[in-house]
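Q: Hey, I've just opened this one and don't know my way around yet. Can you walk me through it?

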Amino acid sequence: SSSSAASDVYKRQLVARQAAKSLSRSLITQTLDRSEGQLEQFFNPVAAGLGIVESWSRAGLLDTDDPRRIRGLFLPLMARYPQVSSVLVADERGREYMLLRTTGGWLSRQTRRDEWGDRTYWLEWTDEQPDPVESWRELDYDPRRRPWYLGAIARFESDPRPAAPTGLTREAYWTEPYTFFTTKEPGITASIAFEVGDGLRRVVGFD
């Protein structure tokens, strides 16, 4: 009968819709799992890199007043982590060293708020022309006011555990998306704060 045929068609449509929903859920789950895995592959090395830099600082290798040594450490590190656009090391005096990867080469900036005020010292070079070009710039910049610094210090104060023999002493702080000061590009920063033997609080950040 026509009513029986209509019922069979309805049942087949219902089964088809249920199968489509099940397949859609499965595809969405697979996509989310794949995306999460890709994000972990992107972000997890950043936390590992912070642990490496922290261990360097504890070994006395990250003196913001010795940019040549810091540059020698950071260049191969950034080559290992291409997702990192810049590395920053700052302390509570307002001193900072930044190494930035540019389209054509590299840029570094030294800040010493306690000595130089708004004056900042810059070096710019490329792999083809490794001799850096020096310049001084007036800049209303203080690393201690930046979100990556403030967030890492706040986390340190809430969890001031002593140094671990290896790895990070606490979970890295991740900023919300914001505008980078130097490049004016959007991004996020992972950072960690700690104290070393000289009693100064330092923050290391990866953009």
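Q: Let's start with Thr111. Is it buried or exposed?
A: Thr111 is buried, because its relative accessibility is 1%. Buried means under 20% relative accessible area, exposed means over 50%, and partly exposed is in between, using a 1.4 Å probe and protein chains only.

Q: Where does Thr111 sit, and what is it in contact with?
A: Thr111 is part of strand 3, residues 106-112. Setting aside neighbours within four places in sequence, it is in contact with Gly94, Arg95, Glu96, Thr120, Tyr141 and Pro143. Contact here means heavy atoms within 4.5 Å. Glu96 also has Thr111 as its bridge partner in strand 3.

Q: Wait, is this a predicted model, and what should I know about how it was handled?
A: Yes, it's a predicted model: local features need pLDDT of at least 70, side-chain atom pairs count only at pLDDT 80 or more, and totals for chains, interfaces and linings use all residues. Residues are numbered from 1 along each chain as its sequence is written, and side-chain values use heavy atoms, with hydrogens and water left out.

Q: What's the average pLDDT?
A: The protein averages 81, and 74% of the residues score at least 70. pLDDT is the predictor's confidence in each residue, from 0 to 100. Over residues 163-167 the pLDDT is below 50, and that stretch has five contacts in the model beyond near neighbours in sequence. Where pLDDT is low, the predicted coordinates should not be read in detail.

Q: Okay, big picture. How many helices and strands are there?
A: Four helices and 10 strands. Those are DSSP runs numbered from the N terminus: helices are H or I with at least four residues, strands are E with at least two. From the N terminus on, the order is α-α-β-β-β-α-β-β-α-β-β-β-β-β. Of the 207 residues, 37% count as buried.

Q: How do the strands line up in the sheet?
A: Eight strands form an open sheet in the order 5-4-3-2-1-10-9-6, with antiparallel pairing. Strand 5 and strand 6 are the edges, each pairing on one side only. For two strands to pair, DSSP has to find at least two bridges between them.

Q: How many bridges are there between strand 2 and strand 3?
A: Seven bridges join strand 2 to strand 3. Strand 3 and strand 4 pair over six bridges, with Gln110 matched to Tyr121 in strand 4. Strand 4 and strand 5 also pair over six bridges, and there Glu124 has Val133 in strand 5 as its partner.

Q: How covered is strand 4?
A: Mostly covered: five of the seven residues in strand 4 (residues 119-125) are buried.

Q: Switching to helices. What's the span of helix 2?
A: Its end C-alpha atoms are 20 Å apart, which agrees with the 20 Å expected for the 14 residues of helix 2 (residues 67-80). The expected span is 1.5 Å times one less than the number of residues. The buried residues in helix 2 include Ile70, Phe74 and Leu77.

Q: And helix 4, what covers its buried residues?
A: The cover includes strand 1 (86-91), strand 2, strand 6 (173-174), strand 7, strand 9 (190-195) and strand 10 (201-206). Trp148, Tyr149 and Phe156 are among the buried residues of helix 4.

Q: How many aromatic pairs are there?
A: Seven. Rings of Phe, Tyr and Trp (its six-membered ring) pair if their centres lie within 6.5 Å; planes under 30 degrees apart are stacked, over 60 edge-to-face, and the rest tilted. Phe74 and Tyr97 form a tilted pair, 6.4 Å centre to centre with 40° between the planes. Phe74 is in helix 2 and Tyr97 in strand 2 (residues 95-101), so the pair ties together parts 23 residues apart in sequence. Both are buried, and ring pairs link them with Trp56 into a cluster.

Q: What about Tyr141, since it came up with Thr111?
A: The rings of Tyr141 and Phe181 have centres 4.7 Å apart and planes at 50°, so that pair is tilted too. Tyr141 is buried at 2% relative accessibility, whereas Phe181 is partly exposed at 23%. The charged end of Arg109 also sits over the ring of Tyr141, 4.2 Å from its centre. That label needs NZ of Lys or CZ of Arg within 6 Å of the ring centre and within 35 degrees of the ring normal.
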